[in-house]
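Here are a few exercises to work through with the model open in your viewer. Try each one yourself before reading the solution.

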Amino acid sequence: MKYGFVLPLGDARCAAEMAQAAEEAGWDGFFVWEPVWGVDAWVSLAAAAMRTSRIRLGTMLSPLSRMRPWKIASETATLDNLSGGRVILSVGLGALDSGFAEFGEETDRRKRAELLDESLQILTGLWRGQPFNFSGQHYTVRETHFFPPPPPVQQPRIPIWVVGAWPRPKSMRRALQYDGLLPQVYDADGQFRPLQPADLVEMLAWISWQRESSAPYDIIVEGTTPGDQPEQAAQITRAWQQAGATWWIEALWEANQQPDGLEQVKRRLLQGPPRPDAG
């Protein structure tokens, strides 16, 4: 299992400093969130790339329905080259309460799913290089030879982690087309509920039945662990590892609401990842 850390607040300079500290503390990945309006994720990650050499860098997550796919194709490829091939792109529909309606972004779930699907096709197509053409319901792209950028370092593509809603087959099949699953679970009434290790076991059984590719596939779960209690922290992540997770993402989202939130985040980051062998 690998271990990532999400920075829930702070500017680009803070991201650079925290990413360097995360790398030194033994974390495998450093992630920032991508707001509708706020501190720019890709500027922050570029700053982090300049202060690190090993740690993976990415978003948690990028809602492609409100983004121009050719713009994020440019950003991710540029960062992948800058970092020497360390980018991970996490995508999903995004959280509506993060400002979608306030800025006139699409809020209809079906349309956002259509935009996500088309954006992923365009993104991966542009990474492959020219000639590339695409004609969809929402986007049309024609091949261009106007100063095309260099391709990403990572081949055949930058890893893409996709939110998959269980037990919704269409959402899950979308995730299976790419490189990793960010699992969400809904109950019989269609209401979101917290993920449990038993859910992951059930989802992995379905994935092994449905997935045709034999390439490695990541399963990503997020949560919080007590950094000052390494044995208890290790027990938490061990349960997820045994259920089949390949990444644990430490996510202190509530720190955004705390007056000393940044200090809490830094303290937990410096305590290091909750590796099962620590218990």
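**Exercise 1.** Keep in mind that this is a predicted model. How many salt bridges does the structure hold, and which parts of the chain does the pair D28 and R275 link?

*Solution.* Start with the count: the structure holds seven salt bridges. Now pick out D28, which forms a salt bridge with R275. The closest N and O atoms of this pair are 3.5 Å apart, and the cut-off to check against is 4 Å. Next, place the two partners: D28 sits in the loop between α1 and β2 (29-32), while R275 is in the segment after α8. They are 247 residues apart, so the pair links distant parts of the chain. As a general reminder, side chains of opposite charge can pair when their charged atoms come close.

**Exercise 2.** Work out how the axes of helix α1 and helix α8 cross, and say what kind of residues make the contact.

*Solution.* First, the geometry: the axes of α1 (residues 12-25) and α8 (residues 261-271) come within 9 Å, crossing at roughly 25°. Angles under 35 degrees count as roughly parallel, so α1 is roughly parallel to α8. Then list who touches whom: α1 contributes C14, M18, A21, A22 and A25, and α8 contributes L262, V265, K266, L269 and L270. Finally, sort them by class: nine are nonpolar, none is polar and one is charged.

**Exercise 3.** Describe the largest pocket: what is its volume, and which residues lie nearest its centre?

*Solution.* The volume comes out at about 1400 Å³. Lining the pocket are 45 residues, with L61, G94, A95, V163 and Q184 nearest the centre. Elements giving two or more residues to this lining include β5 (87-92), α4 (109-128), β8 (160-166) and α5 (169-176). Split the lining by class and you get 27 nonpolar, seven polar and eleven charged residues.

**Exercise 4.** Where are the backbone oddities at L61, P131 and F147?

*Solution.* The background first: most residues other than glycine have a negative phi, and most peptide bonds are trans. Go through the three in turn:

- The peptide bond from M60 to L61 is cis, with omega near -5°. L61 lies in the loop between β3 (56-59) and β4 (62-63), and L61 is also one of the residues nearest the centre of the largest pocket.
- Q130 and P131 are joined by a cis peptide bond with omega about 0°. Look for P131 in the loop between α4 and β6 (134-135).
- F147 has a positive phi, near 45°, and is not a glycine. Its place is the loop between β7 (140-141) and β8.

Notes: Residues are numbered from 1 along each chain as its sequence is written. This is a predicted model: local features need pLDDT of at least 70, side-chain atom pairs count only at pLDDT 80 or more; totals for chains, interfaces and linings use all residues. Side-chain values use heavy atoms; hydrogens and water are left out. On a 1 Å grid over the protein atoms alone, a cavity is a set of points where a 1.4 Å probe fits but cannot get out, and a pocket is an open set with protein on both sides within 12 Å along at least five of seven lines; lining residues have an atom within 4 Å of a point. Grid points are joined across faces, edges and corners, and a volume is the space filled by probe spheres set on the points. Helices (H or I, at least four residues) and strands (E, at least two) are DSSP runs, numbered from the N terminus. Ala, Val, Leu, Ile, Met, Phe, Trp, Tyr, Cys and Pro count as nonpolar, Asp, Glu, Lys and Arg as charged, and the others, Gly among them, as polar. Axes are lines fitted to C-alpha atoms, for helices over the stretch in contact, and angles run from 0 to 180 degrees between N-to-C directions. Angles under 35 degrees count as roughly parallel, over 145 as roughly antiparallel, 65 to 115 as roughly perpendicular and the rest as oblique. Contact means heavy atoms within 4.5 Å. A salt bridge is a side-chain nitrogen of Lys or Arg within 4 Å of a carboxyl oxygen of Asp or Glu.
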